[in-house]
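Student: I have a model open and I'd like to learn how to read it feature by feature. Can we walk through it together?

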Amino acid sequence: MGHWESEAERNSQARPAQPAQEGGEPSGGKPRRETSGGRELYMNVRVLVSMMAVFVMMFTFVARIIVVSGPSMENTLWGGDLILVWGLGYTPKQGDVVVLTQESYQEDSIVKRVIATGGQRVDIDYGANAVRVDGELLEEDYIKEQMFVPGYGEGINHVTVPEGCLFVMGDNRNESADSRYPDIGIVDTRCVIGRGVAVMFPFEHWKRL
């Protein structure tokens with residue numbers, strides 16, 4: 001009897017075997033599509049987190065925006081003004097507008113002007129509407145109006161400021177709780193958040209401080 005082959009056998013011998021693709025898929029199957037969507041999302045999230053960390057660090061240790069509350073700094077600052085405050089490497093100086101905390105008075109930060117720094121002598125004369133530092137009369141064109149004796153009494157009006165401390169007052173002397181007020185008193189420089197640099201908003205109030 002002669003040798004015979006089925007049609008299926010002849011076809012299988014005639015067609016060469018195809019190598020398998022990486023991953024076990026035959027070359028005749030659908031190619032795997034490599035997508036970068038997941039990696040792009042991961043990279044975008046990393047960039048966003050890094051940017052947020054930079055902003056948090058910057059607005060914690062370098063600069064921040066503070067909202068002014070109350071009338072104590074009129075007419076230099078008004079309630080609701082947003083001011084840019086610089087803190088990195090700042091050393092308080094006489095005449096600067098500063099933002100500070102004094103928990104013996106309130107938890108929220110307060111805005112005042114530095115009248116004297118450590119070692120300087122402050123003397124306030126309400127009758128003459130005068131503030132003297134180390135015997136020299138301050139030229140205060142920024143105050144709102146003539147000073148009157150505050151309702152809590154003359155308070156701390158004649159003092160030599162200890163080293164590492166500040167004597168601060170509001171520009172609106174008759175509406176300001178400041179270093180004259182016993183609950184605030186002399187302020188430790190470590191309580192200073194930073195110096196007011198400029199009024200940022202509202203735009204019609206914009207100015208450098």
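Student: Let me start with a loop: where does Asp-134 lie?

Tutor: Asp-134 lies in the loop between S6 and strand S7 (136–137). Helices (H or I, at least four residues) and strands (E, at least two) are DSSP runs, numbered from the N terminus. Before going on, some ground rules: this is a predicted model, where local features need pLDDT of at least 70 and side-chain atom pairs count only at pLDDT 80 or more, while totals for chains, interfaces and linings use all residues. Residues are numbered from 1 along each chain as its sequence is written, and side-chain values use heavy atoms, with hydrogens and water left out.

Student: What is phi of Asp-134?

Tutor: Phi is near 55° there, a positive value in a residue other than glycine. Asn-129 also isn't a glycine, and has a positive phi of about 50°. Asn-129 sits in the loop between S5 and S6.

Student: Is Asp-134 buried, exposed or partly exposed?

Tutor: The cut-offs go like this: buried is under 20% relative accessible area, exposed is over 50%, and partly exposed is in between (1.4 Å probe, protein chains only). Asp-134 has 44% relative accessibility, so it counts as partly exposed. Asn-129, at 30%, counts as partly exposed too.

Student: Zooming out, how many helices and strands does the chain have?

Tutor: Two helices and twelve strands. Reading from the N terminus, the order is α-α-β-β-β-β-β-β-β-β-β-β-β-β. As for burial, 32% of the 209 residues in the chain are buried.

Student: What share of the contacts joins residues at least 24 apart?

Tutor: A contact here means heavy atoms within 4.5 Å. Take the contacts between residues at least 6 apart in sequence: 59% of them join residues at least 24 apart. For a local example, try Glu-175, found in the loop between S9 and strand S10 (187–188). Beyond its neighbours within four places in sequence, Glu-175 is in contact with Pro-71 and Ser-72. The C-alpha atoms of Glu-175 and Met-73 are separated by 8.5 Å, though these residues are 102 apart along the chain.

Student: Next, the core. Which residues touch the most other members of the largest nonpolar core?

Tutor: A nonpolar core is a set of buried Ala, Val, Leu, Ile, Met, Phe, Trp, Tyr and Cys residues joined through side-chain atoms within 4.5 Å. The largest one has 15 residues, and those touching the most other members are Ile-115, Val-122, Ile-124, Val-131, Phe-167 and Met-169. Two or more residues come from each of strand S4 (106–117), strand S5 (121–125), strand S6 (130–133) and strand S9 (165–169). S9 gives the largest share, three residues. Apart from this core lies another, of eleven residues, among them Val-114, Val-168, Ile-184 and Val-187.

Student: What is Ile-115 in contact with, leaving aside its neighbours within four places in sequence?

Tutor: Its partners include Val-131, Val-133, Leu-138, Phe-167 and Met-169, and also Gln-94, Glu-140 and Arg-173.

Student: How many disulfides does a search of the whole structure find?

Tutor: Zero. A disulfide is a pair of cysteine sulfur atoms within 2.5 Å. For Cys-165, the nearest cysteine sulfur, that of Cys-191, is 8.7 Å away. Cys-165 counts as buried because its relative accessibility is 14%, whereas Cys-191, at 22%, counts as partly exposed.

Student: Which residue in strand S3 could I check against Cys-191?

Tutor: Try Gln-102, placed in strand S3 (residues 97–102). Its relative accessible area is 11%, so Gln-102 is buried. Outside its neighbours within four places in sequence, Gln-102 is in contact with Asp-183, Ile-184, Ile-186, Val-187 and Cys-191.

Student: And which peptide bonds are cis?

Tutor: One of them runs from Glu-74 to Asn-75, with omega near 5°. Asn-75 lies in the loop between strand S1 (63–67) and strand S2 (82–86). A cis peptide bond also joins Phe-201 and Pro-202, with omega about 0°. Pro-202 lies in the loop between S11 and S12.

Student: Is Phe-203 buried or exposed?

Tutor: Exposed, with a relative accessible area of 64%. Phe-203 is found in the loop between strand S11 (192–201) and strand S12 (207–208).
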